[in-house]
Amino acid sequence: MFPCLKLRKIEERLQCIQEFDRPKVKLEQYVTPAHLGSHMLYTIQSQYGDIDGKLVADLGCGCGALAIGAAALNASLVVGFEIDQDALDIFQANIEEHELYNIDSIQCDVLNIPERFHKQFDTVLMNPPFGTKQNEGVDMKFLQVALKLSNNCVYSLHKTSTRNHVLKHADSLGAKGEVLAELKYDIPATYKFHKKSSVDIEVDFYRFVVSR
Amino acid sequence: MKLLTHNMLTSKCIRGVNVGYPLVINIIRNMKLFTHNMLTTKCKKGVLVGYPLNIKASDIRISSVDFNPDFISKIIPKIDWPVLYSAAESIGHSENLPKEAPPEDYETNEDFLKIAHKALLEVEVVHGELVCPESGRKFPINNGIPNMLLNEDEI
């Protein structure tokens, strides 16, 4: 066990993160729910010590729930990568609100991150687009980038229904994947095409260890 | 903006404002030099190296970040030192930074680690732009966020 902020404290932090004003279907913008994000961050730090004092990346950081949580857990520096200006504006407002100074952000396409970042990060966090609708396969592209950026490990969420595929894909990229938990991702009706008021999606919380 | 200037500024000219002094400074987030040290424009068509990017900064800020000597000494070997030096110099914050390379005893040299800590994590560019050394393409830094997005015809 590693020293870690209390789970409740992390969740409180994440609860006051401002969400997307107008989420974009094309980018599969969903907020990481505070309950889910705090459990992820708590596990990553308390079980593996992979945040405190580490260089951390958040891919497709959106409004920055994971990045802000990691910064609050004393990452030496968190770098958020995000393509969408509107999301970054909210992210910046959240950073200021939380008075955290160990976060930096870059507006760029996650699939186009400069090679000089490869192997630089100790820990890569992401809640990637699940690759539904027109984005099929984008989740695996995110995973591929994440594994390149990390010199140690990657934490990510993927749909439970794709587990075999995810593990095989990681294996083919030279990484060892492990499902740490099965979670229910409660997605409130964000978009017009959602018919129910909220949908539970079953997701796996993964830890991938990168071969050195 | 210098604080002397800030000391003189008021918003009294706004209709209905009587005193308008002192003005509150809103802290804006910034790009750290660590991030600059990693950025390249190699993915752009026709660019072979695209490194280092020139910085034209119009706004700099120093923020306070917890000093973690272990982290800094671990990250030193990853840094392109001359690039860090010239980036710091170009924005006027190269004080006490060695020009060519870190000292050999850098892992135990706490004074040096503190200087490196400041340059890497505390000095920040708020507004400005990054310029590709090969194509001259400019990337704006707004509110501390460098915008590295390229148009489709540039990739």
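**Architecture of chain B, its interface with chain A, and selected local features**

Chain B contains 5 helices and 5 strands. The model described here is a predicted one. Read from the N terminus, the elements of chain B follow the order α-β-α-β-α-α-α-β-β-β. Of the 155 residues in chain B, 43% are buried. When contacts in chain B are restricted to residues at least 6 apart in sequence, 62% of them join residues at least 24 apart. The exposed area of chain B is about 8500 Å², and carbon and sulfur atoms account for 52% of that area.

The interface between the two chains was examined next. On the side of chain B, 37 residues are in contact with 31 residues of chain A. About 2600 Å² is buried between chain B and chain A, with carbon and sulfur atoms giving 57% of this area. The interface holds 1 salt bridge. This salt bridge pairs A:Asp122 with B:Lys74, and the closest N and O atoms lie 3.7 Å apart. In addition, 5 residue pairs with both members at pLDDT 80 or more are in polar contact across the interface of chain B and chain A. On the side of chain B that touches chain A, two or more residues are given by each of strand E1 (31-32), helix H2 (33-38), helix H3 (69-75) and strand E5 (145-146) of chain B. Helix H2 of chain B supplies the largest share, 4 residues. Sorted by class, this side of chain B comprises 18 nonpolar, 10 polar and 9 charged residues.

Salt bridges were also sought throughout the structure, and 11 were found over all chains. In chain A, A:Glu202 forms a salt bridge with A:Lys184, with 3.4 Å between the closest N and O atoms. The two residues are 18 apart in the chain, A:Glu202 being placed in strand E7 (residues 198-210) and A:Lys184 in strand E6 (residues 175-188) of chain A. A:Glu202 has a relative accessible area of 46% and is partly exposed.

Within chain B, a salt bridge connects B:Arg61 and B:Glu124, whose closest N and O atoms are 3.4 Å apart. Because B:Arg61 lies in strand E2 (residues 54-62) and B:Glu124 in strand E3 (residues 123-131) of chain B, the pair ties together parts that are 63 residues apart in sequence. B:Arg61 is buried, at a relative accessible area of 16%, and B:Glu124 is buried as well, at 0%.

A further salt bridge in chain B joins B:Glu95 to B:Lys118, with the closest N and O atoms 3.4 Å apart. Here B:Glu95 belongs to the loop between helix H4 (81-90) and helix H5 (110-122) of chain B, whereas B:Lys118 belongs to helix H5; the pair links distant parts of the chain, 23 residues apart. B:Glu95 is partly exposed, with a relative accessibility of 41%, and B:Lys118 is partly exposed at 29%. In chain A, A:Lys24, A:Asp84 and A:Asp86 are joined into one network by salt bridges that share partners.

Attention then turned to individual residues. B:Ser73 is located in helix H3 of chain B, one of the elements that give two or more residues to the side touching chain A. With a relative accessibility of 13%, B:Ser73 counts as buried, because it falls under the 20% cut-off. The side chain of B:Ser73 reaches the backbone oxygen of B:Asp70 at a distance of 3.3 Å. Apart from neighbours within four places in sequence, the residues in contact with B:Ser73 are B:Tyr106, B:Glu107 and B:Leu113.

Backbone geometry provides further points of interest. B:Tyr51 and B:Pro52 are joined by a cis peptide bond, with omega about -10°. B:Pro52 is situated in the loop between H2 and E2 of chain B. In chain A, A:Asn74 has a phi near 70°, a positive value in a residue other than glycine. A:Asn74 occupies the loop between helix H3 (65-72) and strand E2 (77-82) of chain A, and is partly exposed, with a relative accessible area of 41%. A positive phi, near 65°, is likewise found at B:Asn96, a residue other than glycine. B:Asn96 sits in the loop between H4 and H5 of chain B, the loop that also contains B:Glu95. At a relative accessible area of 64%, B:Asn96 is exposed.

Methods. Residues are numbered from 1 along each chain as its sequence is written. Chains are lettered from A and ligands numbered from 1 in the order in which they are written. Side-chain values use heavy atoms; hydrogens and water are left out. Buried means under 20% relative accessible area, exposed over 50%, partly exposed in between (1.4 Å probe, protein chains only). Contact means heavy atoms within 4.5 Å. Accessible areas come from the Shrake-Rupley method with a 1.4 Å probe; for residues, only the protein chains shown count as cover. Buried area is the accessible area (1.4 Å probe) that two parts lose on being put together, summed over both. A salt bridge is a side-chain nitrogen of Lys or Arg within 4 Å of a carboxyl oxygen of Asp or Glu. A polar contact is a pair of N or O atoms within 3.5 Å; within protein, one must be able to donate a hydrogen and the other to accept it, and residues adjacent in sequence count only if both atoms are side-chain atoms. Ala, Val, Leu, Ile, Met, Phe, Trp, Tyr, Cys and Pro count as nonpolar, Asp, Glu, Lys and Arg as charged, and the others, Gly among them, as polar.
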